[in-house]
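Colleague: Could you walk me through this model, starting with one helix and working outwards?

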Amino acid sequence: MSLIAAEGLSVSYGGHEVLTGVDLAIAPGEIVTVVGPNGSGKSTLLHALIGTVRPSAGRVVRRPGLRIGYVPQRLALDTRMPLTVRRFLSLPERRSAAEIAAVLRRTGVPGVEGRQMTALSGGQFQRVLLARALLARPEILILDEPTQGLDQPGAAAFYRLIEEVRAETGAAVLMVSHDLHVVMSASDRVICLNGHVCCEGTPTVVSAAPEYRALFGLGTGGALALYRHEHDHGHDHGQDHGHGHAHGHPHGYAHGHAHGQGHGRGHANDAARGRDPADAEAGL
């Protein structure tokens, strides 16, 4: 049985349909990434799945008692409001000092309990958000562009962390990402979205799909080349990334979007944030 599924899901805002007839299901333990151009409904899909957006048609089915950990695309905090990491992780449910210390170690930011949330670097902030999601002991992690604003090494390190968490906890992962090169090496299944599901399958299947090439251009063959290179040579770090699952759904939806839009590329190279030395050393 799937953990969470959308069946004929449509969402409208002010009479404008953002999503139309979306069908998807997330199985236990798999990593699924949703890609698509800006305005394609990716974030709206996640919000519909977690219940913060009401569908205009269709439905969302969740396994009874499903525990969801959610990491938002961004979280704006008032810089004038004092809020330590410790306090943030105890909202809305109070957590023990031991719990907080353990989850911060797991997400690679030990010892930041007393730091102000607004004083954290971009990489530290995202890891604290992940720590908060993990405190719920989720069966599925839902992440909305979790590496937005991080540079390429920081994004790669964050995705490696997600894979490690999946391997250790067995939690499924559903995430939205613009980092196409990382998606190809970190996902069991990729869903290409542009208001509806254009194509779906393993990274190899999706990269070859005409619908994917129409949205992202032929240049994305480099992402597939990186994916193949990494797997042909094995993983020097001894990580089992869980690829090769029989999730390859060669649906090849013949929706034929010849939009030729190159939106959403290159976000992983946004290195203009200025990383502190600790981040550089830790790969944040």
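Modeller: Sure, with ground rules up front. It's a predicted model, where local features need pLDDT of at least 70, side-chain atom pairs count only at pLDDT 80 or more, and totals for chains, interfaces and linings use all residues. Residues are numbered from 1 along each chain as its sequence is written, and side-chain values use heavy atoms, with hydrogens and water left out.

Colleague: Which residues of α3 are buried?

Modeller: Helices are DSSP runs of H or I with at least four residues, strands are runs of E with at least two, and both are numbered from the N terminus. Buried means under 20% relative accessible area, exposed over 50% and partly exposed in between, with a 1.4 Å probe and protein chains only. What covers the buried part of α3 includes α2 and α4 (122–134). The buried residues of α3 are I100, A101, V103 and L104.

Colleague: Is R95 buried or exposed?

Modeller: R95 sits in the loop between α2 (85–89) and α3. Leaving out residues up to four places away in sequence, R95 touches L89, S90, I100, L135 and A136, where contact means heavy atoms within 4.5 Å. Its relative accessibility is 17%, so R95 counts as buried.

Colleague: Which helix gives the most to the lining of the second largest pocket?

Modeller: On a 1 Å grid over the protein atoms alone, a pocket is an open set of points with protein on both sides within 12 Å along at least five of seven lines, and lining residues have an atom within 4 Å of a point. This one has a volume of about 290 Å³, the volume being the space filled by probe spheres set on the points, which are joined across faces, edges and corners. Of its 15 lining residues, V103, L134, L135, R137 and T169 are the closest to the centre. α3 (97–106) and α5 (152–169) each supply at least two lining residues, and the one that gives the most, with 5 residues, is α3.

Colleague: Which strands stand at the edges of the 3-strand sheet?

Modeller: Two strands pair if DSSP finds at least two bridges between them. The sheet is open and antiparallel, in the order β2-β1-β4. Each edge strand has a single partner, so one side of each is left without a neighbour in the sheet; the edges are β2 (16–26) and β4 (57–62).

Colleague: Which residue stands opposite A6 in β4?

Modeller: β1 (residues 4–13) and β4 run antiparallel and are joined by 5 bridges. Opposite A6 in β4 is V60.

Colleague: And the 6-strand sheet: how many residues of β3 are buried?

Modeller: That open sheet runs β5-β6-β7-β3-β8-β9 with mixed pairing. β3 is joined to β7 by 4 parallel bridges, and another 4 parallel bridges join β3 (residues 31–35) to β8 (residues 189–193). I31, T33 and V35 point one way and V32 and V34 the other, all of them buried. So the count of buried residues in β3 is 5 of 5.

Colleague: Which residues stand opposite T33 in β7 and β8?

Modeller: T33 has an opposite number in each of these strands. In β7 that residue is M175, and in β8 it's V190.

How values were computed
1 Å grid on protein atoms, 1.4 Å probe; cavity = no way out; pocket = protein on both sides within 12 Å on 5 of 7 lines; lining within 4 Å.
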